[in-house]
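Please open the structure in your viewer and keep the selection tool at hand. This tour proposes one selection after another and describes what is found there.

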Amino acid sequence: MARLNINGEMRDVQAEAETPLLWVIREQIGLTGTKFGCGIAQCGACSVHINGQVQRSCSIPLSAVQESDKIVTIEGLSANASHPVQKAWAELDVPQCGYCQSGQIMAAAALLAKTPKPSDQDIDAAMTNICRCGTYQRIRAAVHLAAGQSGVTTPTERQG
Amino acid sequence: MTNTISAKSARLSRRTFVVASAAAGGGLALGLRVPFLNDVAHAQGAEAPEVNAWVVIKPDDTTVIRIARAEMGQGTLTGLCQLVAEELECDWTKVTTDPITPGQNLARKRVWGEMGTGGSRGIRISQDYVRRGGAAARIMLMQAAADELKVPVSELTVADGVITHAGSKRSIRYGQVAAAAAKVTPPDPKSITLKDPRSWKVAGHPVKRLDTAPKLDGSKKYAIDVQLPGMLNAAVMQCPVYGGKLKSVDEAKIAGRPGVKKVVRIKDNAVAVVADTYYHAKSALAALPIEWDVGQNGSVNDASIAEHLKDGITAQGSNGGWGYGDAGKAIAGAAKTIEAVYATPFLAHATMEPMNCTARVSADKAEAWVPTQNAEASLAALSEASGLPLDKCEVYRPDLGGGFGRRGGTQDFVHLAVEAAKQFPGVPVKMIWTREEDLAHDFYRPVSQCKLTGGLDQDGKLVGLKIRLSGQSINAYLAPTIAVGGPKERQLQGWYQEPGDSQFGYDVQNLQIEYAMRNTHVPVGPWRGVNTNQNAVYLECFIEEMARAAGKDPLEFRRAMMAKFPKHLAVLNAAAEKADYGKPLPAGVHRGIAQFMGYGSYSAAVAEVSVSSEGKLKVHRLVLALNCGHAVNPGQIEAQVEGSVAFGLTAALYGECPVKDGRMTDLNFDRYQIMRLAEMPKIETVIVPTYDFWGGVGEPTICVTTPAVLNAIQAATGKPVRTLPLKNVKLA
């Protein structure tokens with residue numbers, strides 16, 4: 001039995017201490033936006049925020065998380081997908097299959113919280129999640145767009 | 001604003017269900033009708049009239065377009081809707097989609113055609129009948145409106161789902177006449193004249209995808225996210241050596257572990273642990289002592305496979321090929337002869353959503369929730385594994401977290417899940433593969449080696465070319481009933497004589513192409529771009545070698561051989577022009593160029609790279625040109641081209657699946673590396689449609705990415721790269 005603060009709600013969960021946070025979130029809490037991709041903190045599909053820091057939840061045991069830790073999943077990032085990152089992602093139609101995008105968005109949101117106007121080098125360093133569809137070019141553009149940076153081209157011919 | 005609110009409430013109600021069932025330990029019977037993913041559309045669809053198989057229009061004008069193909073990121077869902085909507089003349093902002101199931105398709109005599117989605121066929125094969133479906137619905141709606149307004153149908157016009165009678169200044173909406181339209185006798189599809197694609201208003205434009213919103217807030221449900229009342233979870237392990245068998249498992253060792261329900265032996269080569277949660281199943285399986293009888297394949301390794309393929313290069317005789325003239329004689333008499341042997345490794349798909357399937361089997365019904373590229377193949381696998389006839393089976397098909405050819409004809413993951421579920425009649429069992437299992441048991445992009453020999457005359461003109469390809473056959477493994485041999489051998493993709501799909505694009509005076517089939521024990525299958533990726537590297541890199549040997553500019557060397565292949569040439573020229581080919585580059589940056597044809601489309605690429613004195617490669621920019629005939633959604637075509645570069649570059653930089661002791665050794669992303677954002681070059685896409693054919697989009701441009709980069713490396717270092725991946729090649 002553990003008590004977790006997830007998306008601003010206190011939740012009691014029944015799981016062994018070694019259970020990775022990913023599986024607690026998916027199977028105990030029932031929030032499936034956080035994805036399983038590799039289980040070894042390589043791909044980042046399971047990224048969540050813990051006290052504002054982006055973390056790979058597949059490699060964090062339940063025992064390492066305290067009741068006082070604030071965990072935010074993709075479902076709790078904003079109301080109505082209104083976070084600037086989510087809006088930029090929508091504007092540029094970033095996702096293809098979409099499976100990695102929860103993690104990509106959480107990584108980008110954490111980057112912008114720390115570095116509001118990231119350079120390309122900042123983005124290179126922070127955005128290390130794997131996207132197998134290869135949406136990287138649009139991810140980069142969308143991070144810049146979310147940061148409100150000038151000089152970023154948006155495909156103005158897009159319609160609909 | 002309304003949309004936002006309704007989207008939010010839909011999300012909340014779903015979350016309430018998820019949380020409620022989780023709180024009750026997964027056992028709370030909510031009376032929820034399955035399939036949950038299709039609930040909304042079907043429930044509403046039941047109230048709304050189906051104008052025809054493709055189109056349902058609700059009283060509020062919401063237009064539901066039925067989709068038979070799989071959406072796995074490639075944008076086919078949006079593209080197909082654009083084609084239907086274009087002919088339907090509905091309001092694009094009111095379009096939603098409904099994924100039909102294979103059971104429905106079967107029950108209606110396959111009214112939606114084939115459901116397989118691979119080979120970049122999703123749009124090009126179905127475009128004609130989905131457009132006719134949209135047009136037929138429009139004709140029926142117009143007739144219903146004419147009957148309602150009591151005017152001749154010829155006096156009516158329609159735009160955005162509103163039918164207008166100009167003479168009487170009356171109008172009527174699709175939603176108002178849909179019920180009546182459903183009763184109108186459908187027109188003969190052959191009698192319908194489709195629009196000229198040049199006049200398209202919805203299709204042909206870069207409209208946004210229809211399926212983006214739920215991918216931004218975690219609300220999208222993939223098959224791996226399926227949660228059903230009372231559901232159990234399973235983890236699986238197959239014999240790591242292909243062809244090996246299960247010897248023993250020591251179940252007692254995991255008997256006391258939390259949540260474990262059962263250890264299931266599947267066939268003679270796999271073990272599953274079924275538990276209350278997936279984490280319990282996965283961790284118990286990891287703790288379960290399993291002994292395998294690996295059999296004779298346990299001694300196979302990379303070196304023995306390479307030797308086997310090398311034999312195919314040097315042996316006499318072939319399993320397919322074609323040519324013209326006398327290449328041997330031309331090369332023997334040439335002023336200069338060049339020869340090279342290239343090789344490419346096995347590759348795994350590594351879809352981001354790991355293999356999974358949820359199945360529920362009872363005495364008279366079998367259901368499966370499958371991330372599938374071919375729902376009818378899933379249905380067949382479900383029927384076979386459950387032992388129930390097809391009409392007692394149904395497959396629900398959430399959109400996929402990646403496919404790339406892994407989830408088409410090969411439905412191994414369905415068989416395994418159903419075998420586990422059969423042990424729990426009436427109880428849904430979700431089986432998820434670990435990443436390790438996914439990379440250990442793929443149907444890999446086959447290995448091949450290729451020897452190329454070219455002869456140049458005094459003027460540096462190519463007078464003869466011999467290509468001898470040795471490698472594993474996908475058809476021999478997956479579809480042995482499909483005849484192999486001859487000029488259309490699948491391994492020769494991109495080198496076919498006939499136009500249309502993947503034609504060899506050079507006139508080389510004397511040509512000889514041979515394929516020697518050399519199979520291994522490793523399972524092989526389609527892989528995004530599959531053989532074109534290998535054959536484009538072999539041919540386009542060798543042409544680069546020959547151009548350099550001839551002292552010619554690589555672009556001019558190619559152009560001189562392409563007069564008979566105007567479409568190949570045009571796309572090559574388009575890439576060269578966009579890339580400012582011939583203009584100076586910054587110091588240290590070098591260009592490479594390549595062209596190829598596959599999946600009915602023409603592709604070319606120009607790469608700009610630099611190689612440091614330490615041999616470190618940086619790919620700065622890639623310009624890709626594509627002629628796919630008709631461009632249904634240029635925005636999504638760009639996205640596919642961008643993604644194809646990442647897919648191709650990942651293979652070029654890192655991709656290999658080493659075999660040791662009969663099994664794969666690189667079983668997670670720490671070893672099977674995938675390119676990250678920092679390595680992504682700037683990509684520019686030039687779409688040059690000629691409006692006279694329908695080509696594919698998802699795969700064609702992958703194959704030109706790697707040879708363009710390798711040719712740029714050759715320009716930088718003066719040395720050809722003949723083996724992949726680049727991580728094993730010293731560039732300095």
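Begin by selecting chain B. Of its 732 residues, 56% count as buried, a residue being buried if 20 or more other C-beta atoms, placed from the backbone, lie within 10 Å of its own. This is a predicted model, in which local features need pLDDT of at least 70 and side-chain atom pairs count only at pLDDT 80 or more, while totals for chains, interfaces and linings use all residues. Residues are numbered from 1 along each chain as its sequence is written, and chains are lettered from A and ligands numbered from 1 in the order in which they are written.

Keep the whole of chain B in view. Along its principal axes, the C-alpha trace of chain B spans about 80 × 80 × 45 Å. The radius of gyration of chain B is 28 Å, which agrees with the value near 27 Å for a compact globule of 732 residues; the radius is taken over C-alpha atoms, and the globule rule is 2.2 Å times the number of residues to the power 0.38. Chain B has 18 helices and 27 strands. These are DSSP runs, numbered from the N terminus: helices are H or I with at least four residues, strands E with at least two.

Next, select residues 127-149 of chain B, helix α5. Its 23 residues should span 33 Å at 1.5 Å a residue, and the end C-alpha atoms are 33 Å apart, which agrees; the expected span is 1.5 Å times one less than the number of residues. Of the 23 residues of α5(B), 18 are buried. After α5(B) comes B:K150, with a positive phi near 55 degrees.

Now add the strands β5, β6 and β7 of chain B, which α5(B) lies across. They form an open antiparallel sheet in the order β5-β6-β7; two strands pair if DSSP finds at least two bridges between them. Because β5 (156-159) and β7 (170-173) of chain B each have a single partner strand, one side of each is left without a neighbour in the sheet. Between β6 (residues 162-165) and β7 of chain B there are four bridges. For a closer view, select B:V162, whose bridge partner in β7(B) is B:R173.

Finally, turn to chain A and colour domain 1 (2-76) and domain 2 (79-146) separately; such bounds come from an automatic or database domain assignment. The C-alpha centres of these two domains of chain A lie 20 Å apart.

Terms used. A residue is buried if 20 or more other C-beta atoms lie within 10 Å of its own, exposed if 12 or fewer, and partly exposed in between; C-beta atoms are placed from the backbone. Two residues are in contact if their C-beta atoms, placed from the backbone, lie within 7 Å. Axes are lines fitted to C-alpha atoms, for helices over the stretch in contact, and angles run from 0 to 180 degrees between N-to-C directions.
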